[in-house]
Amino acid sequence: MATGLQVLPRLVRAPWRALFWGQLVARPASGMALAGQAQQVFESAVGAVLPGPMLRRVLSLDPDGRQLKVRDRSFQLHQNLYLVGFGKAVLGMAAAAEELLGQHIVQGVISVPKGIRTAMEQAGRQEMLLKPHSRIQVFEGAEHNLPDRDALRAALAIRQLAEGLTADHLLLVLISGGGSALLPAPIPPVTLDEKQMLTKLLAARGATIQELNTIRKALSHLKGGGLARAAYPAQVISLILSDVVGDPMEVIASGPTVASTHSVQDCLHILNHYGLRAALPRSVKTVLAQADSDPHGPHTCGHVLNMIIGSNVLALAEAQRQAEALGSQAVVLSAAIQGDVKSIAQFYVLLARAAGARLVPSTAGCSTEEDVKLHELAAELQLSDLYMEEALEALAGAGGPVCLLAGGEPTVQLQGSGKGGRNQELALRVGAELGRWPLGSLDVLFLSGGTDGQDGPTEAAGAWVTADLAREAAAEGLDVATFLDHNDSHSFFCHFRGGTHLLHTGMTGTNVMDIHLLFLRPH
């Protein structure tokens, strides 16, 4: 193993790409080599789910431009194509669609987060912006990811466009995470304020995201298949970028093009369960009563083609290919990592020790007790698609560097007033815990990054750590435990080694949750 110091210049890459080092920095060459590989793997994961590549994989025009091909389906084009969209990644998706489909788009309306166009312009992300004389109208709203009057106006414009379509028309719908807040359309007499208040009351009493979505759909013109109904009898093609574990289309943006399977009785059961039925505003009772007496019964969406075009699974598959191209044996563990960040950190540390023991048998790896704890923790976290056993078995004969990959969206229980995000806190907890155990002749690096480029209210996407973190932090006078107690992971990484362990990507224009990379390399 190389032990000398290597000075690395600032890396110059495409605007969205990760910059691990914002300055000249001297680090052990072996650590920097692993960090460089981690960077490339993370970049490849994000690159696979950028709007342009995603849409080009599924959309194309035939040579004479008379047919739109969506994977294996074809649709006739004759000045009949309309576009709507809503979500945090939809500006870039619409720009990619405009680039591909050009003058075929007759009219479009999209609802995107407030300030996103300015942010993309400032970042030099021209590929994420619509053309100067675009036929697609842009509404910005949902500041702080909350429905507001601007988003309400956008939803009205989208609904009006959809309701004006006929059987001759084709509606292309672009959906990404954050779309629910950007498409508020309460059914009168329910007001936006009343709907938000009810949602807040349910959330405060512990309602799940599935229960919240059930109520939102019942009170919305557009959610729960409402947009598809508004567009009927036009053919609807819905292209969806998933930011939800498991990619349930009815949950992403509250499923505006997916028929709801819930009834009014389901809503009443939820409201009863949380003790809110008696306190319902008269307007909510009116809307639920109207839905209960709908003579048409449940609506279907037979005129809709719903398609997931980007997801954490896709990003991880590309990351796996990149890791293998760089010489590592790469195994995808799961795309459904959920749970409290403390438990997830403990899981990764125990996994590193178990993997290390198999990769380098002479290493002081997991004891039998720790191995049991690893499996108990995995069961406790209910990681539905976890391939841990297969990964550990594969390591026994690996002999060389290994990259274990996973994705999902852990949660942080806030107990302090510090600044950070789930990725930085996860990395800090893993780094702190790794240093407590002897790893022998094994280099370990862990990276956690958000594919949207923004981890919490910070400008970093995440961070990377090694087992030396606690020792090096102590040498700099930084108390890791104190930063963790205050949920102040971003402040820690800003101070630690001059901020060089932060992952900076800028806004990527996409979002498929988080990517976790665990590199292990024998000396």
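Is S334 buried or exposed? In this predicted model, S334 belongs to strand β12, which covers residues 329–337, and its relative accessible area is 1%, which places it among the buried residues because the limit for that class is under 20%. The side chain of S334 carries a polar atom that lies 2.9 Å from the backbone nitrogen of A336. When neighbours within four places in sequence are set aside, the residues in contact with S334 are L316, D385, L386, L405, A406 and G407. Of these, L405, A406 and G407 fall within strand β13, residues 402–408.

Strand β13 is in turn joined to strand β17 by seven bridges, and the two strands run antiparallel. Within this pairing, V402 has L520 of β17 as its bridge partner. Strand β17 is also joined to strand β14, residues 442–450, through nine bridges, again in the antiparallel sense, and here V444 is the residue that stands opposite L520. L520 of β17 is thus paired with V402 and with V444. Strand β17 spans residues 514–522, and because eight of its nine residues are buried, it is largely enclosed by the rest of the structure.

A comparable analysis was made for helix α15, which comprises the 13 residues 422–434 and reaches 18 Å from its first C-alpha to its last, close to the 18 Å expected at 1.5 Å a residue. Eleven of the 13 residues of α15 are buried, so the helix is largely enclosed by the rest of the structure. The buried positions of α15 include the run from N423 through Q424, E425, L426, A427 and L428, and they also include R429, V430, G431, A432 and L434. In general, an α-helix has 3.6 residues a turn, so residues three or four places apart point the same way.

The largest nonpolar core of the model contains 64 residues, of which I110, L172, L239 and L517 touch the most other members. Helix α3, residues 90–101, supplies the largest share of this core, with eight residues. A second, separate core has 53 residues, among them V331, A391, L434 and F496; L434 is also one of the buried residues of helix α15. For L172, contacts with residues beyond four places away in sequence are made to L59, L81, Y82, L83, V84, A97, L101, I237 and L239.

Several of the residues touched by L172, namely L81, Y82, L83 and V84, lie in strand β6, which covers residues 81–86. Six of the six residues of β6 are buried, so this strand is largely enclosed by the rest of the structure. L81, L83 and G85 point one way from β6, whereas Y82, V84 and F86 point the other way, and all are buried. Strand β6 is joined to strand β7, residues 105–113, by six bridges in a parallel arrangement, in which S111 of β7 is the bridge partner of F86. Together with helix α3, strands β6 and β7 make a right-handed β-α-β unit. Strand β6 also pairs with strand β9, residues 170–175, in the parallel sense over six bridges, and G85 stands opposite L174 in that strand.

The loop between β9 and α6 contains P184, which counts as buried because its relative accessibility is 3%. Apart from neighbours within four places in sequence, P184 is in contact with P147, D148, A151, L152, A155, L192 and K223. P184 and V138 are separated by 46 residues in sequence and by 16 Å in space, C-alpha to C-alpha. P189 lies in the loop between β9 and α6 as well, and the peptide bond from P188 to P189 is cis, with omega near 5°.

A cis peptide bond also joins Y232 and P233, with omega at about 15°, and P233 is placed in the loop between α8 and β10. Most residues other than glycine have a negative phi, and most peptide bonds are trans. R71, which is not a glycine, has a positive phi of about 55°; this residue lies in the loop between β4 and β5 and, at 47% relative accessibility, counts as partly exposed. A positive phi, near 50°, is likewise found at R497, in the loop between α18 and β16, where the relative accessible area of 27% makes R497 partly exposed.

Methods:
Residues numbered from 1 in each chain as written. Predicted model: local features only at pLDDT ≥ 70, side-chain atom pairs only at ≥ 80, totals over all residues. Heavy atoms only, no water. Helix = DSSP H or I, 4+ residues; strand = E, 2+ residues; numbered from the N terminus. Buried < 20%, exposed > 50% of the residue type's maximum accessible area, 1.4 Å probe, protein only. Polar contact = N/O pair within 3.5 Å; in protein donor to acceptor, adjacent residues only side chain to side chain. Contact = heavy atoms within 4.5 Å. Pairing = 2+ DSSP bridges. Expected span 1.5 Å × (residues − 1). Core = buried A, V, L, I, M, F, W, Y, C linked by side-chain atoms within 4.5 Å. Right-handed = clockwise from strand over helix to strand, strands pointing away.
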